[in-house]
Every structure is written in structure tokens, then in C-alpha cells.
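User: I'd like a close look at how the strands of this protein are put together. Could you walk me through the pairing, one sheet at a time, and finish with a residue worth zooming in on?

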Amino acid sequence: MKAATTRSRTPDRLCAEAVDLARAAAEEAAAPGVVGEHEGMLSEGDRVVTHYFACGELGYRGWRWAVTVARASRAKIVTVDEAVLLPGPDAILAPEWVPWSERLRPGDMGPGDLLPTDAEDLRLEPGFSGEDAPPPNSPVFGEFAELAEAEDADVTEGTPAHQVTAPARGSIAAVAEELGMRRARVLSRYGLHTAADRWEEAFGAKTPMAQAAPASCVSCGFLTPIGGSLGQAFGVCANEFSPADGRVVSLSYGCGGHSEAAVMPKPPQPTPPRIDETRVDPFPLRPAPDSGSVPATEDSASAELGHS
């Protein structure tokens, strides 16, 4: 091992004795009267020693001033390298910083807030890939395809006597059940309109959140479409950080949690006009009486000179 890489942990005698020099450096860097007693020293290497002094500054309990002194090889003069305030073993420290993406909770976003979406967000996937292959989360993707092909029938538990009796073929109830219309009544036109009015008022384009949003829900990846005629104007929000999570929202609604908020360009701002064409400059039809070089009042002296 080279001598340059070795470090002695025995404090240098001259550096260890330079307590007064270290205290003077700490008092110069700190406020008056906050440098306390000497709390020890630490050998940092060959002819390098750090002296520690208690800190009496309010709000810095357990901190201490660290002054590093050193001397050159074969030199008798000790110099100061640096003086800093460092936390001690019992110092009060601020909690560990947590990124905003981990601190954010549902409901924290308000009007005007912008929540960029990570490019690798697991909650989103490409709407189309350009291939006929199934998406990664499809039941028939990869190893699940073999299981889907091998599955030829579904086994229903119970004996035939315990099964629900199917309605007679050809009846209206049988046709309705085949088409998925087993409900006796459905929403009327009036019911659809009243529901649309309520949803539009709660999560529509005129809300403060939508007015400050970077884009509308119609282009957001977190929007889940709904069926029926209401699906032409509404959908369900699936963004947990959005104030409309799990709610029916208008396609013209929007919030700062838009899926493309990180890549959407800002709308261009028009440049201020060079010439204000809307300004009107008044021009009097007749000049003011005191605007000329000759007084408006006529006297005998000006009349003789020919002025009128």
C-alpha cells in the first residue's frame, strides 16, 4: 500500500493543540455568543484534525460547530480549512424528504393545479399498438392463451333440478333475456335528461376545475366510457388523484390530473400589439386661442403692423 493512501488516526499534536484557533474561526462564522465549549476532536487524516464546539443557537439543539485545521508537511503553522455547522448524534433534524408524487393523496388537487403523468404510469397503456397482438393485460396474452384454448366448457355446480328454469322459447321474456334486457323498466327520456343535468352541473365544463384544466376529459386516458346514449356526453373518471375519481363526468370536464398533462404544449400567447389601433386621438376642429405665437387680443400696436 502506498504511503499517500494511508491515513493516521492519531491526532497531529500541533493540530490538536490549536483549539483557540479553531474557536476563533467558529466565532467568526457564527453569530456572537453561540459558540459553546469544546466537545472533542477527530483526526481526519495526516496532519488534519476537526475540532467540535457546542452550538447555542436557538433551534439547533444537538448541533455543533466543526472546524477543520491542518498543517503542511514539516510546517509549524496550523491553518484553518473550513468551519461548518453540523448535526451531532442527538441533533434535531428535519424529516426525510419525500417526493411530491409519493406525498400526493386523493383529493389534494384543486382548481388550477397541474398533475403531470409519468410516461411509465402503470395505470395507463397504449390505446393501440399497430399490431393484432392482444394487450399485455389481456386474459389471452402469453401463457394465458394456452389456458384459454384448453378451456372448452364451464362446469355449473349443482344438479339440473337446482338450476334456474329457462323461460319458454319464443316468448317475449325469452327474447329479452337473450338480448340482456331483463329489467321491467328503464330510464325514460325525462330521466335521462335530469340525470345529465345533475352530472353536468357537478362535473361539467362550467366548474372552476374544468375552467383551469389543461385539457378536457375527452382526450384523457383515465376516462372510462359508458354505454347507452349518455355515453356520447359522459364517462367515468378512473384517476385516483382527481376530485372526480369514480364519478360520472362530462366529456368537456377536465382537471389537472389529465393523462397527457406532462406532454401537452402550452397554448401560444399572442404578442402585445405594437400599435394601439383602438386608441382615439382627439383633434379639435379649431385651434385653441392661446396656441399661436400672436396673442388673440387685438391692440392698436399689432393693428398698425398688419396683424389681425
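Analyst: **Strand pairing, sheet by sheet**

Happy to. S5 and strand S6, which covers residues 234–237, are joined by three bridges and run antiparallel. Please keep in mind that this is a predicted model. To find this pairing on your screen, look for two facing positions. Pro225 stands opposite Gly235 of S6, and Leu223 stands opposite Cys237 of S6.

Now follow S6 across to its other partner. S6 and S7 also run antiparallel, again with three bridges between them. Here Val236 makes a handy landmark, since its bridge partner in S7 is Val248.

Put together, these pairings give an open sheet of three strands in the order S5-S6-S7, with antiparallel pairing. Which strands are at its edges? They are S5, residues 223–225, and S7, residues 248–250, and each of them pairs on one side only. Going from one strand to the next, this sheet twists by 50° on average.

Let's move on to the other sheet. Four strands make up this open sheet, in the order S1-S2-S3-S4, and the pairing is again described as antiparallel. Strand S1 (35–45) and strand S4 (79–87) are its edge strands, each pairing on one side only. The average twist from one strand to the next is 20° in this case.

Within the four-stranded sheet, take the pairing at the S4 edge. Strand S3, made up of residues 63–70, pairs with S4 in the antiparallel sense, and eight bridges hold the count for this pair. If you want a position to click on, choose Thr68, which stands opposite Glu82 in S4.

This sheet also has a helix lying across it. Helix H2, formed by residues 19–29, lies across S1, strand S2 (48–55), S3 and S4. Relative to S1, helix H2 runs at about 115°.

That brings us back to S1 for the close-up. Ser43 is found in this strand. Is Ser43 buried or exposed? Ser43 is buried, because its relative accessible area is 4%, and the cut-off for buried is under 20%. A polar atom of the Ser43 side chain lies 3.5 Å from the backbone oxygen of Gly45.

For a tour of your own, start at Pro225 and Gly235 of S6, step over to Val236 and its partner Val248, and then visit Thr68 opposite Glu82. End at Ser43 in strand S1, and look there for the backbone oxygen of Gly45 at 3.5 Å from a polar side-chain atom of Ser43.

Key: Residues are numbered from 1 along each chain as its sequence is written. This is a predicted model: local features need pLDDT of at least 70, side-chain atom pairs count only at pLDDT 80 or more; totals for chains, interfaces and linings use all residues. Side-chain values use heavy atoms; hydrogens and water are left out. Two strands pair if DSSP finds at least two bridges between them. Helices (H or I, at least four residues) and strands (E, at least two) are DSSP runs, numbered from the N terminus. Axes are lines fitted to C-alpha atoms, for helices over the stretch in contact, and angles run from 0 to 180 degrees between N-to-C directions. Contact means heavy atoms within 4.5 Å. Buried means under 20% relative accessible area, exposed over 50%, partly exposed in between (1.4 Å probe, protein chains only). A polar contact is a pair of N or O atoms within 3.5 Å; within protein, one must be able to donate a hydrogen and the other to accept it, and residues adjacent in sequence count only if both atoms are side-chain atoms.
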